[in-house]
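Please take a moment to look over the sequence and the fold together before reading on. The paragraphs below go through them step by step.

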Amino acid sequence: MNKKTEENRNISSINKDYVRSVERLEKREKAHKTRLFRRLGAFAVIVVVVMGWLTLTMFDKSQALAAKENQKVEVLQALEEVQDEHDMLKSQILKLNDDEYIAKLARKEYFLSEDNEIIFAIPENEENDDKNIDSKE
């Protein structure tokens, strides 16, 4: 036989209570560390998932807010235009309640005249006609 096998036979382990209790304690500590790392790993995964979800939610909400702000600006511009038109229409209503304005408007649009009044129609493009005559000469 081999020298090593003879030595292995001569070595025996001590199976005393102290050695067994130390081995059990080491096993417990090792199992405790393993469970601790598993719990920490699971907790880290949960934290990463929750943070990712919160980040996506915040990003979506910020985009929605930006879209709503753009829509608000557009609506405010439309409101301003409508208010301007409303003011103009109110002023026209006030003018249309005035008999002198209605008479003036009727004379202008429908070429109506008062007694002893002569209406002359003047071309709108008077300046353009003058330029055309000058350029022909």
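The mean pLDDT of the chain is 85, with 80% of its residues reaching 70 or more, and these values matter for the reading that follows, since this is a predicted model. Confidence is not even along the chain: helix 2 has the highest mean, at 95, whereas helix 4, residues 126–136, has the lowest, at 57.

The secondary structure consists of 4 helices and 0 strands, and, read from the N terminus, the elements follow one another as α-α-α-α. Of the 137 residues in the chain, 1% count as buried, while the accessible surface amounts to about 13900 Å², 57% of which belongs to carbon and sulfur atoms.

Helix 2, which covers residues 17–96, includes Leu54. Together with Phe43, Ile46, Val47, Val50, Met51 and Trp53, Leu54 makes a nonpolar surface patch of about 720 Å². Leu54 has a relative accessible area of 43% and is therefore partly exposed, because that class lies between the limit of 20% for buried residues and the limit of 50% for exposed ones.

The structure also holds 1 salt bridge, in which Asp17 pairs with Arg20, their closest N and O atoms being 3.4 Å apart. Both Asp17 and Arg20 belong to helix 2, where they are 3 residues apart, or about one turn of the helix. In general, an α-helix has 3.6 residues a turn, so residues three or four places apart point the same way. How do the two partners differ in their exposure class? Asp17 counts as exposed because its relative accessibility is 58%, whereas Arg20, at 38% relative accessibility, counts as partly exposed.

Further along the chain comes helix 3, made up of the 12 residues 99–110, and its span from the first C-alpha to the last is 16 Å, close to the 16 Å expected at 1.5 Å a residue. Just after helix 3, the backbone at Phe111 takes a positive phi of about 55°.

Taken together, the chain is one of 4 helices and 0 strands, in which 1% of the 137 residues count as buried, and a careful reader will keep in mind that the confidence is lowest in helix 4, at a mean of 57.

Note on methods: Residues are numbered from 1 along each chain as its sequence is written. This is a predicted model: local features need pLDDT of at least 70, side-chain atom pairs count only at pLDDT 80 or more; totals for chains, interfaces and linings use all residues. Side-chain values use heavy atoms; hydrogens and water are left out. Patches are made of residues with over 30% relative accessible area and no salt bridge: like charges are joined within 9 Å, nonpolar side chains (Val, Leu, Ile, Met, Phe, Trp, Tyr) within 5 Å. Accessible areas come from the Shrake-Rupley method with a 1.4 Å probe; for residues, only the protein chains shown count as cover. A salt bridge is a side-chain nitrogen of Lys or Arg within 4 Å of a carboxyl oxygen of Asp or Glu. Helices (H or I, at least four residues) and strands (E, at least two) are DSSP runs, numbered from the N terminus. Buried means under 20% relative accessible area, exposed over 50%, partly exposed in between (1.4 Å probe, protein chains only). The expected span of a helix is 1.5 Å times one less than its number of residues. pLDDT is the predictor's confidence in each residue, from 0 to 100.
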